[in-house]
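Here is a short tour of one protein model, written to be read with the structure open beside you. Please keep the viewer at hand as we go.

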Amino acid sequence: LVIKMSGHPPFGAQIILNGHDYVACQARKRGMEFSKQGNCFVQVASTTDLAAVADTLRSENAAGLLYQVCERWIYTACLCFGLKREEQQRSGFRYQYFTYQAEYSRNYHFRSGQQMEQVLQALIDRTRGPLRLDQVKTVFGCKKRPCRRKLDQGPYATVLETPAYGVTVFKVHYGRITLKIYTKGERVLRVEVTVHNTEQLGFVKR
């Protein structure tokens with residue numbers, strides 16, 4: 001949990017919650033065996049059990065639990081530096097929460113690292129050259145969205161990066177959406193889709 005707060009009124013705040021850390025904590029409570037590198041689960045004893053833990057973030061009471069976490073920390077650990085407890089109660093100061101960024105990811109485990117590299121390189125070779133804007137809009141599901149005009153005004157690009165030896169990162173940017181494919185560990189291929197501003201997709205969850 002990370003909270004970034006402005007030091008002056010109206011004390012705007014950004015609360016960053018890592019769903020991967022939540023899943024890891026819940027998995028430990030259940031005694032599950034797994035290995036994690038950063039945000040990536042590179043080894044899991046039971047993928048079915050881990051998926052069941054992750055699905056709790058989509059349950060009906062998930063929004064309520066997240067709300068409680070935000071309420072627990074923002075008033076007692078952060079806002080108290082700007083408004084004393086008595087001032088908060090007297091003024092009725094309250095926060096409203098909105099989803100700003102969301103990420104969905106998948107890990108694909110291979111039996112050998114060589115097989116994983118072959119799949120990744122073949123995917124890059126087949127898609128990077130002929131990938132056109134209309135195809136990207138179809139991939140991201142933006143072709144029929146009512147707010148597609150806003151997305152069309154954003155940047156569109158495909159990028160191939162090699163930040164470290166033996167690591168290849170393939171990115172597709174479209175507006176405020178990014179698709180990222182890269183290797184993690186010796187036999188894990190990770191796919192991430194990040195929505196950097198959910199408001200541009202035509203909905204804001206409270």
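What follows moves from the whole chain to a pair of helices and then to two strand residues.

**The model as a whole**

This is a predicted model, so a look at confidence is a good place to begin. The mean pLDDT of the protein is 79, and 78% of the residues score at least 70. Confidence is highest in helix α1, at 89, and lowest in helix α7 (residues 148-152), where the mean is 51. Where pLDDT is low, the coordinates should not be read in detail.

The protein has seven helices and nine strands. Of its 206 residues, 28% are buried. If you take the contacts between residues at least 6 apart in sequence, 52% of them join residues at least 24 apart.

**Helices α1 and α2**

Now turn to helix α1 (residues 19-29) and helix α2 (residues 47-54), whose axes come within 9 Å and cross at roughly 120°. That angle makes α1 oblique to α2, and the crossing is right-handed. On the α1 side, the contact is made by Y22, V23, Q26 and A27, while α2 contributes L50, V53 and A54. Sorted by class, the contact between α1 and α2 has six nonpolar residues, one polar residue and no charged residues.

**Two strand residues**

Next come T194 and H109, set side by side here.

| Residue | Strand | Relative accessibility |
|---|---|---|
| T194 | β9 (residues 188-195) | 10%, buried |
| H109 | β5 (residues 102-109) | 41%, partly exposed |

Is T194 buried or exposed? With a relative accessibility of 10%, T194 counts as buried, because the cut-off for that class is under 20%. Leaving aside neighbours within four places in sequence, T194 is in contact with Q101, A102, E103, R176, I177 and T178. One of these partners, A102, lies within the residue range of strand β5 (residues 102-109).

H109 belongs to that strand, β5. At 41% relative accessibility, H109 counts as partly exposed, because that class lies between 20% and 50%. Which residues does H109 touch, not counting those up to four places away in sequence? They are F41, V42, Q43, R187 and V188.

V188 deserves a second look in your viewer. The C-alpha atoms of H109 and V188 are separated by 4.7 Å, although the two residues are 79 apart along the chain. V188 also falls in the range of strand β9 (residues 188-195), the strand in which T194 has its place.

Conventions. Residues numbered from 1 in each chain as written. Predicted model: local features only at pLDDT ≥ 70, side-chain atom pairs only at ≥ 80, totals over all residues. Heavy atoms only, no water. Axes fitted to C-alpha atoms, helices over the stretch in contact; angles between N-to-C directions. Helix = DSSP H or I, 4+ residues; strand = E, 2+ residues; numbered from the N terminus. Parallel < 35°, antiparallel > 145°, perpendicular 65-115°, else oblique. Left-handed = near helix turned anticlockwise from the far one by under 90°. Contact = heavy atoms within 4.5 Å. Nonpolar A, V, L, I, M, F, W, Y, C, P; charged D, E, K, R; others polar. pLDDT = per-residue confidence, 0-100. Buried < 20%, exposed > 50% of the residue type's maximum accessible area, 1.4 Å probe, protein only.
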